[in-house]
Amino acid sequence: MSLDEDARWLEWVTKQFESIAGEDKEIDLDEFKTALKVKESFFAERFFALFDSDGSSSISLGELLEALDLLIHGSETDKLRFLFQVYDVDGSGSIDPDELRTVLKSCLRESAISLPEEKLDDLTLALFESADKDNSGAITFEELKAELENFPEVMENLTISAANWLKPPDVDQKRRQTPRYLTRAYWQNNSRKLMFLCVYALVNVLLFVGAVMQNRHGGACFMVAKGCGQCLNFNCTFVMVLMLRRFLTWLRATWVVRVFPLDQNILLHQIVGYAILCCTLVHTTAHILNFVQMSERGEFGLWEYLLTTRPGIGWVKGTASLTGVVLQVAICLMVLCSSTFVRRSGHFEVFYWSHLSYVWVWSLLIIHCANFWKWFVVPGLVFLLEKVVGVAVSRMGGLYVVEVNLLPSKVTHLVIRRPQFFHFKPGDYVYINIPVIAKYEWHPFTISSAPEQSDTVWLHIRSMGQWTNRLYEYFRQPENAALNPERLASSLRRRRQLLKEELFTSNGAVASNEDEAVELTMYRQNGSPSGEAAAPAGAQEPAEPPPDELGPAERGEAPPLKEVSPKFGENHRFCNIKCYVDGPYGTPTRQIFASEHAVLIGAGIGITPFASILQSIMYRYRMRKQNCPNCNYSWCENIKNSEMKLRKVDFIWINRDQKSFEWFVSLLTKLEMDQADEEPEGRFLEMHMYMTSALSKNDMKAIGLQMALDLLAKKEKKDSITGLRTRTQPGRPEWGKVFQKVSEENKGKVHVFYCGSPALAKLIKAQCEHFGFHFYKENF
């Protein structure tokens, strides 16, 4: 720090100290805990004891400044000495295994990570054995220092992250030299959208000017009203064209997708909606001002012009004013109920039902304006045709929800029997209606299964609103399993169907009947047809999957015989519930197979489209993979083909807590196994897991835990948090470093696909523009 920065920091710390300490000018333990915002009292007590140098059970301003000066301005050795004192609970000058276990247990709680006691013991031993170089049974300061030198990224910024309240705000932030919207990268990445908006704006201007010139005899207010009215004719029709989902899905497979921003139809729909609101307000205001002038010189009063049919304005019995007032109110309510605040705050039904008023809006517009039907007739017929086709398709096939899994964080996994005519692309979405939940409500969700999975369709639904909460609660109640009188019959049919699938399973063994299928299944499970042969002594048995992981049906394969028996638990059950599905509809992720280097970023339940995509990618990858007939050596062809141009895929999944990873851990494990061996040019699919609740490696409250997790992961070749080979990283990704690494790999043109929160989308999009990557956001 410079002298000015040092003085400003001192002033800031003093001010913060006074606000916390109160009148006694001292900070006690409770005040210290509150200020540091630590979850685990162990660290608060240890930090407090080290800050309280005189042992007075309170911290003065001088003691605080002395300790913070060490943490902020001190050398690496000073910081490591402080860390060693935190771990050395009894002050003996060394750290024994029990002390280290206590520290790591507190680290787990601080990072909101839950592990069994046995795993905690393994972590403790892994770190202790690595650090205790002389096998003395205790870790000295020099040994801890030597161990930390193996983690250079930790030492770059070793600090207490919870003490951010003591850092002064950066008042001298450097502003961008050029606004983001004026950069060359922004225009290159958004060229189609910007060109489209320019054409759209030009069309509106020409329509406005044309209508004004045609009505120039009627006065300024009348001219403005007519100009906005002509724009409304166009926009109230165009806003519907942007939501012709089947038509747009078809266009995505044509050259049109390279010219028009079809993948951003939702954003354009919103822009046109706001344009309609603005034009409506100006149109109404101009007419009111015109009516004021007419009332001053005519026989009718202002209220008669606005609320009655007596003046005879309008081509349908003089109802233009009345319908205009109703339209103004309806459009304002539609825009208000479509706001992000309403849709994202658990009130999706408010948006859904208010948006259905578009039928009344179009009907009133036909009555209100003499020329609107001319604009509306062709798009309206296409829209009506889409709706009729959608209803017909949704009623065909006799769809049923046949299996339900209740996953952590209130996620409902539905398994729907897939009809033969249902064809979709990876990342597509559908509208689903389940009459037992809500008879008339349709809600959109991404398909999380791969198209190559022919028997079922998966949906993973996060409980975030009224309908999704009702869905979760319906299946959470055990008594619902007894509501279906045919549940045993349907479960038996499903069991036999899964058994038949065993006839065509691995190792080339094919059975001709159910008895032989049982023999084959027993052979695969136990090593012999009778099931008597056991594994050789000392052989390691395959680990059983955790109970919360996705079941065998979700892996797209026939399960072992012991797993196909019906089970009706609280979290997993077979069922037979009628549902209707409208779709599928295309999304921006359809562009993924035209990419060379794809980066898939999912935040939380935003992984759902990528679950389907990853399965399909790995299926095509296996089809493209070559094997040497002599030595069975495998390699991957780099020759591009029409089926898949991908050369590299990076999958990034960001979750808030540990339980959320259980949603798709079985799928990800299977994908890792599909490419167990390294390819000559590196892995085709790389996974990157981030847990935001976990503290970063350079935080003193987490450094020991992260070191232990790294060491144990290398030893066991799997991550302790997820069970995957990929190590789960704490905190949030540093997008600059992530994209810099992607750029340096030179695997071809990079396309980034994102699904998750809008706030994070803005940050990632800005980074993509900086690196020149194409950005696609999943939105429907």
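1. Strand β2, which covers residues 411-417, is largely enclosed by the rest of the structure, because six of its seven residues are buried. This is a statement about a predicted model, and every point that follows should be read in that light.

2. The neighbours of β2 help to fill in this picture. Strand β1 (residues 400-407) pairs with β2 in the antiparallel sense, and six bridges connect the two; within this pairing, Leu406 has Thr412 of β2 as its bridge partner. Strand β5 (residues 456-462) also runs antiparallel to β2, and here the number of bridges is seven, with Val411 having Arg462 of β5 as its bridge partner. A student following the chain from β1 into β2 will find that the two form a hairpin with three residues between them, and that Ser409, in the turn, has a positive phi of about 60°.

3. A sheet of another kind is built from six strands, which form an open sheet in the order β13-β12-β11-β8-β14-β15 with parallel pairing. The edges are occupied by β13 (728-730) and β15 (774-777), each of which has a single partner strand, so one side of each is left without a neighbour in the sheet. From one strand to the next, the twist averages 20°. As an example of the pairing, strand β8 (residues 597-603) and strand β14 (residues 750-755) run parallel and are joined by six bridges, and Ile601 stands opposite Tyr754 of β14. When looking at any such strand, it is useful to recall that in a regular strand the side chains alternate between the two faces of the sheet.

4. A helix can be placed against this sheet as well. Helix α25 (residues 665-674) lies across β11 (648-655) and β12 (685-691), and its direction is at about 145° to that of β12.

5. The packing of helices deserves its own point, and two packed helices are described by the angle between their axes and the distance between the axes. Helix α3 (residues 41-51) packs with helix α5 (residues 76-87) at an angle of about 125°, and their axes are 10 Å apart. That angle makes α3 oblique to α5, and the crossing of the two is right-handed. On the α3 side, the residues that meet α5 are Phe42, Phe43, Arg46, Phe47, Leu50 and Phe51, while α5 contributes Phe82, Gln85 and Val86. Sorted by character, the residues of this contact are seven nonpolar, one polar and one charged.

6. Which residues of α7 meet α26? They are Lys119, Asp122, Leu123, Ala126, Leu127 and Ser130, and among their counterparts in α26 are Gly704, Leu705, Met707 and Glu716. The axes of α7 and helix α26 (residues 703-716) come within 8 Å and cross at roughly 95°, which makes α7 roughly perpendicular to α26. The residues of this contact divide into nine nonpolar, two polar and three charged.

7. Is Asp132 buried or exposed? Asp132 has a relative accessible area of 5% and is therefore buried, although its place is in the loop between α7 (117-131) and α8 (141-148). Leaving aside residues up to four places away in sequence, Asp132 touches Gly137, Ala138, Ile139 and Glu143. Asp132 and Ala146 are 14 residues apart in sequence, and their C-alpha atoms are 10.0 Å apart in space.

8. Some details of the backbone should be checked with care, since most residues other than glycine have a negative phi, and most peptide bonds are trans. Ala112 is not a glycine, yet it has a positive phi of about 55°; this residue lies in the loop between α6 (97-110) and α7, and with 37% relative accessibility Ala112 counts as partly exposed. Lys717, also not a glycine, has a positive phi of about 60°. Its place is in the loop between α26 and β13, and at 64% relative accessibility Lys717 counts as exposed.

9. The last detail concerns a peptide bond. Gly583 and Pro584 are joined by a cis peptide bond, with omega at about 5°, and Pro584 is found in strand β7 (residues 580-585).

Key. Residues numbered from 1 in each chain as written. Predicted model: local features only at pLDDT ≥ 70, side-chain atom pairs only at ≥ 80, totals over all residues. Heavy atoms only, no water. Axes fitted to C-alpha atoms, helices over the stretch in contact; angles between N-to-C directions. Helix = DSSP H or I, 4+ residues; strand = E, 2+ residues; numbered from the N terminus. Parallel < 35°, antiparallel > 145°, perpendicular 65-115°, else oblique. Left-handed = near helix turned anticlockwise from the far one by under 90°. Contact = heavy atoms within 4.5 Å. Nonpolar A, V, L, I, M, F, W, Y, C, P; charged D, E, K, R; others polar. Buried < 20%, exposed > 50% of the residue type's maximum accessible area, 1.4 Å probe, protein only. Pairing = 2+ DSSP bridges.
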